[in-house]
Amino acid sequence: MAADGPRPAGIELFGVGSLGIGMRDGDVLTVVAGRAVRTEAQIVGLVLAARARHDPGISAVFWRGKAPWALFVAMPYAERPASIGAPP
């Protein structure tokens with residue numbers, strides 16, 4: 001979605017209202033993990049990189065109308081059972 005006034009370009013979201021994270025359909029996601037985003041592939045890459053680093057969560061900025069909102073999503077990790085061993 002193109003920039004509009006004070007809102008930078010980003011991705012208009014649909015189907016997020018039921019996720020329980022405070023976002024609504026029509027919000028525009030503009031920043032994930034401190035980086036501007038324009039495609040779903042960018043978001044997936046940033047989330048996967050954060051998980052690979054075992055980051056405790058990931059931050060984002062989305063716009064609702066003409067106001068920016070900050071979001072932090074915690075990313076819990078399951079404990080690895082001792083029987084599985086250490087990752088390579």
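1. Which residue forms a salt bridge with D27, and how far apart are the closest N and O atoms? The partner is R64, and the closest N and O atoms of the pair are 2.9 Å apart. A salt bridge here is a side-chain nitrogen of Lys or Arg within 4 Å of a carboxyl oxygen of Asp or Glu. D27 lies in the loop between β1 and β2 and R64 in strand β4, so this pair ties together parts that are 37 residues apart in sequence. Both D27 and R64 are buried; buried means under 20% relative accessible area, exposed over 50%, and partly exposed in between, with a 1.4 Å probe and protein chains only.

2. A word on the basis of this note is in order. The model is predicted: local features need pLDDT of at least 70 and side-chain atom pairs count only at pLDDT 80 or more, while totals for chains, interfaces and linings use all residues. Residues are numbered from 1 along each chain as its sequence is written, and side-chain values use heavy atoms, with hydrogens and water left out.

3. The overall plan may be stated next. The chain has one helix and five strands, and from the N terminus on its elements run β-β-β-α-β-β. Helices (H or I, at least four residues) and strands (E, at least two) are DSSP runs, numbered from the N terminus. Of the 88 residues in the chain, 28% are buried. Among contacts between residues at least 6 apart in sequence, 39% join residues at least 24 apart; a contact means heavy atoms within 4.5 Å.

4. The structure holds two salt bridges. Besides the pair of D27 and R64, R53 forms a salt bridge with D55, the closest N and O atoms being 2.8 Å apart. R53 counts as exposed because its relative accessibility is 53%, whereas D27 and R64 are buried. As a general point, side chains of opposite charge can pair when their charged atoms come close.

5. Strands β4 (57-64) and β5 (residues 67-74) pair in the antiparallel sense over eight bridges. Two strands pair if DSSP finds at least two bridges between them. These two strands form a hairpin with two residues between them, and G65 in the turn has a positive phi of about 65°. The C-alpha atom of G65 is also 9.8 Å from that of D4, although the two residues are 61 apart along the chain. D4 is found in the segment before β1 (11-12) and is partly exposed, with a relative accessible area of 45%.

6. Within this hairpin, F62 stands opposite W69 in β5. The structure holds one aromatic pair. The rings of F62 and W69 have their centres 6.0 Å apart and their planes at 20°, so the pair is stacked. The rings of Phe, Tyr and Trp (its six-membered ring) pair if their centres lie within 6.5 Å; planes under 30 degrees apart count as stacked, over 60 as edge-to-face and the rest as tilted. F62 is buried, at 2% relative accessibility, whereas W69 is partly exposed, at 39%. R64, already met in the salt bridge with D27, has its charged end over the ring of W69, 4.6 Å from the centre. A charge sits over a ring if NZ of Lys or CZ of Arg is within 6 Å of the ring centre and within 35 degrees of the ring normal.

7. Which residues touch the most other members of the largest nonpolar core? They are L13, M23, L29, V32, V37 and I43, in a core of 15 residues. Elements β2, α1 and β4 each supply at least two residues of this core. A nonpolar core is a set of buried Ala, Val, Leu, Ile, Met, Phe, Trp, Tyr and Cys residues joined through side-chain atoms within 4.5 Å. Not counting residues up to four places away in sequence, L29 touches nine residues by name: G10, I11, L13, M23, V37, I43, A60, V61 and F62.

8. T30 is found in strand β2 (residues 28-32) and counts as buried, at 2% relative accessibility. Leaving out residues up to four places away in sequence, the contacts of T30 include R7, P8, R35, V61 and W63.

9. Two residues other than glycine deserve a check of their backbone angles. A33, in the loop between β2 and β3 (35-36), has a positive phi near 55° and is partly exposed, at 32% relative accessibility. H54, in the loop between α1 (40-52) and β4, has a positive phi near 60° and is exposed, with a relative accessible area of 55%.
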